[in-house]
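Let's take a walk through this protein chain. Have the sequence and the 3D view open while you read.

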Amino acid sequence: MQAIHLLKVYFILSGLLSVSSAMQVFEHWSKGNYIMTSFYGIMALFWLYVFMVVSLDLIKKDPISMKGTVRSTKNSRIWVTLQSGKVKSYIVPVKEVMHKLEAGKQIEIILTKRTKQLKEIKII
């Protein structure tokens, strides 16, 4: 199961939002409204940061791999007990994979390094 398309959507949306915020900065700057200029400037920097982090995850292929046991499933969410003992939940966007996952099965979860987005699930 590949869920990398969600990162591409985040990449496009954060890029559009950062450009939109930057355009608002220039519009409010010309009107002399410096409070709104500051607000949209901060928003532009935030979305630019998100854009850069997501782009690094898309460009660099350095995933994180974790092994664990499926604790339970519900709708499109799974709860996994990792080898360290922590319980984490993940959203699985592909329904065919959800039908294969049952409580007690050993799985390997592959995540992106920076955003910790689910990239792949392998049943061991």
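## Strands that pair up

Five bridges join strand 4 to strand 5 (residues 118-123), and the two run antiparallel. Two strands count as paired here if DSSP finds at least two bridges between them. Helices (H or I, at least four residues) and strands (E, at least two) are DSSP runs, numbered from the N terminus.

Before going further, a word on what you are looking at. This is a predicted model, where local features need pLDDT of at least 70 and side-chain atom pairs count only at pLDDT 80 or more, while totals for chains, interfaces and linings use all residues. Residues are numbered from 1 along each chain as its sequence is written, and side-chain values use heavy atoms, with hydrogens and water left out.

Back to the strands. Within the pairing of strands 4 and 5, Glu108 has Lys122 in strand 5 as its bridge partner. The two strands form a hairpin with six residues between them, and Lys116 in that turn has a positive phi of about 55 degrees.

Strand 4 also pairs with strand 1 (residues 64-74), in the antiparallel sense and over six bridges. Look for Ser65, whose bridge partner in strand 4 is Ile110.

Is strand 4 (residues 106-111) mostly covered or mostly open? It is mostly covered, as five of its six residues are buried. Buried means under 20% relative accessible area, exposed means over 50%, and partly exposed is in between (1.4 Å probe, protein chains only).

## The nonpolar core

A nonpolar core is a set of buried Ala, Val, Leu, Ile, Met, Phe, Trp, Tyr and Cys residues joined through side-chain atoms within 4.5 Å. Of the 14 residues in the largest one, Ile78, Leu101 and Ile107 touch the most other members. Strand 2 (77-82), helix 3 (95-100), strand 4 and strand 5 each supply at least two residues of this core.

Try zooming in on Ile78: not counting residues up to four places away in sequence, the residues it touches include Met98, Leu101, Ile107 and Ile121. Contact means heavy atoms within 4.5 Å.

A polar residue can be tucked away too: Ser18, which lies in helix 1 (residues 4-31), counts as buried because its relative accessibility is 11%. Leaving out residues up to four places away in sequence, Ser18 touches Ala44, Trp47 and Leu48.

## Salt bridges

Side chains of opposite charge can pair when their charged atoms come close. The cut-off for a salt bridge is a side-chain nitrogen of Lys or Arg within 4 Å of a carboxyl oxygen of Asp or Glu. By this rule the count comes to four, including these:

| Salt bridge | N to O distance |
|---|---|
| Lys31 and Glu27 | 3.4 Å |
| Asp57 and Arg114 | 3.0 Å |
| Asp62 and Arg114 | 3.2 Å |

Lys31 and Glu27 are separated by about one helical turn, because they are four residues apart in helix 1. Lys31 is exposed at 60% relative accessibility, while Glu27 is partly exposed at 36%.

Asp57 lies in helix 2 (residues 34-59) and Arg114 in the loop between strand 4 and strand 5, so this pair ties together parts that are 57 residues apart in sequence. Asp57 is buried at 3% relative accessibility, whereas Arg114 is partly exposed at 29%.

Asp62 sits in the loop between helix 2 and strand 1, so its pairing with Arg114 links parts 52 residues apart in sequence. Asp62 is partly exposed, at 24%. Salt bridges that share partners join Asp57, Asp62, Lys113 and Arg114 into one network.
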